[in-house]
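Q: Hi! Could you walk me through this structure while I have it open?
A: Happy to, let's take a look together.

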Amino acid sequence: MKRRTMILLVASLVVNVFLIGLIGGTVWHWTHDRGMGFRGGWRMRVAESLPQPQRQLLRQAIHDTVRQALPRLRQSGAARAEAARLFVQPQFDANAINAKLDQARASDMQLRTDLEHRMIQFAATLPQDQRTKMAEALKEGPFRQGPPHPHGQPPSQ
């Protein structure tokens, strides 16, 4: 019985260390990710550039848009899962895999389009000085033109 208890104790310790690492890594990712995620990224940087009342309204608009897109996001995830399942089939069907990934990508792009349209609708309600702040924040988002050029000038072609 003592050996069994020791094995269970060690197994429990390993599982707990794994769970603590998983939770810690997830929290770190949520707080440090500057990418395209919905919890952060350029959309939230745009929101942060606004005064508090407008910031809250824009965040709510972003969350509402994502919430409305949840069924489409689930379909996108299901399409990716089906593509992954097709990858390991004995008969490799590249066309079917591409079709599933195309379906997922189209859904993802539709969400991005919806979010950007909603942000533009919101910006139309703001005074010019606040739109200027949004524009500055957008420069760090998906519309950036690559690395800055010396002296602010793009290379001549």
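**Chatting through the model**

Q: Where is glutamine 130?
A: Glutamine 130 sits in helix H6, which covers residues 128-138. Keep in mind as we go that this is a predicted model.

Q: Is its side of things buried or exposed, I mean for glutamine 130?
A: Glutamine 130 counts as buried, because its relative accessibility is 10%, and the cut-off for buried is under 20%.

Q: And what is glutamine 130 in contact with, leaving aside neighbours within four places in sequence?
A: With those neighbours set aside, glutamine 130 touches Leu50, Pro51 and Gln54.

Q: Nice. Switching to charges: how many salt bridges does the structure hold?
A: There are six salt bridges in the structure. One of them joins the side chains of arginine 72 and aspartate 114, with N to O at 2.7 Å.

Q: Which parts of the chain does that pair link?
A: Distant ones: arginine 72 belongs to helix H4 (residues 70-87) and aspartate 114 to helix H5, and the two are 42 residues apart.

Q: How do arginine 72 and aspartate 114 come out, buried or exposed or in between?
A: Arginine 72 is partly exposed at 25% relative accessibility. Aspartate 114 is partly exposed too, with a relative accessible area of 23%.

Q: Remind me, why would side chains like that pair at all?
A: Side chains with opposite charges can pair when their charged atoms come close.

Q: What does arginine 85 meet in a salt bridge?
A: The partner of arginine 85 is glutamate 82, at 2.6 Å from N to O. Both residues lie in helix H4, three residues apart, which is about one turn of the helix. Arginine 85 is partly exposed at 41% relative accessible area, and glutamate 82 is partly exposed at 24%.

Q: OK, and which residue forms a salt bridge with glutamate 116?
A: That would be arginine 112, and the closest N and O atoms are 2.9 Å apart. The two are four residues apart in helix H5, so about one helical turn separates them.

Q: Glutamate 116, buried or exposed?
A: Buried: glutamate 116 has a relative accessible area of 16%, and under 20% counts as buried. Its partner arginine 112 is partly exposed, with 24%.

Q: Which other residues are buried in H5?
A: Besides Glu116, the buried residues in H5 are Ile97, Ala104, Ser107, Leu111, Leu115, Met119, Phe122 and Ala123.

Q: How far does H5 reach?
A: H5 runs over residues 94-123, 30 residues in total, and spans 43 Å from its first C-alpha to its last. That is close to the 44 Å expected at 1.5 Å a residue.

Q: New topic: how many aromatic pairs are there?
A: The count comes to one aromatic pair. The rings of phenylalanine 87 and phenylalanine 92 have centres 5.7 Å apart and planes at 80°, so the pair is edge-to-face. Planes over 60 degrees apart count that way.

Q: And phenylalanine 87, how accessible is that one?
A: Phenylalanine 87 is partly exposed, with a relative accessible area of 47%.

Q: Last one: which residues make the nonpolar surface patch?
A: Val15, Phe18, Leu19, Leu22 and Ile23 make a nonpolar patch of about 480 Å² on the surface. Of these, valine 15 lies in helix H1, residues 2-32. Valine 15 is partly exposed, its relative accessible area being 45%.

Conventions
Residues are numbered from 1 along each chain as its sequence is written. This is a predicted model: local features need pLDDT of at least 70, side-chain atom pairs count only at pLDDT 80 or more; totals for chains, interfaces and linings use all residues. Side-chain values use heavy atoms; hydrogens and water are left out. The expected span of a helix is 1.5 Å times one less than its number of residues. Buried means under 20% relative accessible area, exposed over 50%, partly exposed in between (1.4 Å probe, protein chains only). Contact means heavy atoms within 4.5 Å. Rings of Phe, Tyr and Trp (its six-membered ring) pair if their centres lie within 6.5 Å; planes under 30 degrees apart count as stacked, over 60 as edge-to-face and the rest as tilted. Patches are made of residues with over 30% relative accessible area and no salt bridge: like charges are joined within 9 Å, nonpolar side chains (Val, Leu, Ile, Met, Phe, Trp, Tyr) within 5 Å. Accessible areas come from the Shrake-Rupley method with a 1.4 Å probe; for residues, only the protein chains shown count as cover. A salt bridge is a side-chain nitrogen of Lys or Arg within 4 Å of a carboxyl oxygen of Asp or Glu.
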